[in-house]
Each structure stands twice: as structure tokens, then as C-alpha cells.
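Biologist: I should like to understand the terms used for this structure. Please set each term against its definition as we proceed.

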Amino acid sequence: MKPQKIQFNEHCKGDNMNWPAIEETLNEESRTLKVEYMTKTTELLVATKTCTTCMQCVNVCPKNALARPILVKGVKTTKLERLPVFNKPLKCVFCGVCMVFCPYKAISMKINGNKLSSTDLPLMKSKILPSLTTVKLGKVEVGDFGFTNPFFERIINCITKKSD
Ligand code: SF4
Ligand code: SF4
């Protein structure tokens, strides 16, 4: 697949200012969703080399912003074509759930070009998500013993159900 850039909205067309500007880029390194709003640029990157296409990120995304790619049986594909796709880019809220629950650390987020660690995420800071000592396909281990809340339980259900 050749490098591509897809603009999902035209943020400066005529007299209308339709922010944020949302685009997806595909190249050998990553599939990247980028949202620009005023002075803030947020990016979500799926690294081509590191991603194993396990689709755990698709299963946990609370906004259904990620999906499995549609592949035709028997048709040869590149790794880039097998990566999860941003099927509903306007729905992504950059919560970072996909990043936290990727077993292979293939997803990263940047704000204004600076990489975020999972502990920087509002969901982690506000303890809606616990710190995780292990993230595997279909299984996670929690650092805070006994941690629970409905949002986290829902995510765990998605992970375990899909790996059954
Ligand atoms: S969870 Fe990580 S390794 Fe699995 S498909 Fe998503 S980005 Fe790729
Ligand atoms: S950042 Fe949140 S909303 Fe966006 S794709 Fe990842 S899990 Fe879904």
C-alpha cells in the first residue's frame, strides 16, 4: 500500500470554520489519526512493525472508533492493510483505552508532538482505570489489589469474551 493521507473534514472551506481538522495518514511506520483543534494537535498511532493484528484494541474501544480491516479471502495483503482501522475517526475521544490494553505496546498517543505515557491519561489519573502490571491477549493483571468499577469491568468483559 502506498503512503496515503485522508482528510475527513475540510476545516477552512469558504466562510465556515469546521474544526477540528481530522486526518488519517498511512505509511510504512504507522497508521495515524490526527486531530487539530486550535493550538492542540492530538495523534493516535498504530505502529506497523509492533502491531500483531490481534485486535484487542478493537475489542476494548468504548467508542467503536476502531475496527478490524475488511480483508478479502485469498487476496494478498500488506501488514499495513491488516492493521486495525479508524472506521469512525470522528468518534475517537483519545481516551487511550486502546493504548493501555494493547498487549504489544503498538499504540501510542502524542499531544503537540509529545508522546504521552499511560499514566498521563485522564482515565488513569482519575483512577477510572487502574495501573496494570501485565497486559496480555485476553488477560490483564491489576496493580491495585481489589480495584474495580463498572467501566473497567466492561473492558475486562470485552477482553475475556473475545478471547474465549
Ligand atoms: S491491540 Fe495492539 S497489537 Fe493488537 S491489533 Fe491493536 S494495536 Fe495491534
Ligand atoms: S483513543 Fe479511545 S476512542 Fe480512540 S480509538 Fe482508542 S480506545 Fe477508541
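Modeller: Ala, Val, Leu, Ile, Met, Phe, Trp, Tyr, Cys and Pro count as nonpolar, Asp, Glu, Lys and Arg as charged, and the others, Gly among them, as polar. This is a predicted model, in which local features need pLDDT of at least 70 and side-chain atom pairs pLDDT 80 or more, while totals for chains, interfaces and linings use all residues. Residues are numbered from 1 along each chain as its sequence is written, and chains are lettered from A and ligands numbered from 1 in the order in which they are written.

Biologist: What makes up the shell around ligand 1, by class?

Modeller: The shell around ligand 1 holds 10 nonpolar, three polar and no charged residues. A residue is near a molecule if its C-beta atom, placed from the backbone, lies within 6 Å of it. Among the 13 residues around ligand 1, those that come nearest are Cys51, Cys54, Cys57, Cys102 and Ala106.

Biologist: Which classes occur around ligand 2?

Modeller: There the shell has 10 nonpolar, one polar and one charged residues. Its members include Lys63, Gly96 and Cys98.

Biologist: Why is Lys73 called exposed?

Modeller: A residue is exposed if 12 or fewer other C-beta atoms lie within 10 Å of its own, buried if 20 or more do, and partly exposed in between. Lys73 has 4 C-beta neighbours inside 10 Å, so Lys73 counts as exposed. The C-alpha atoms of Lys73 and Glu29 are separated by 25 Å.
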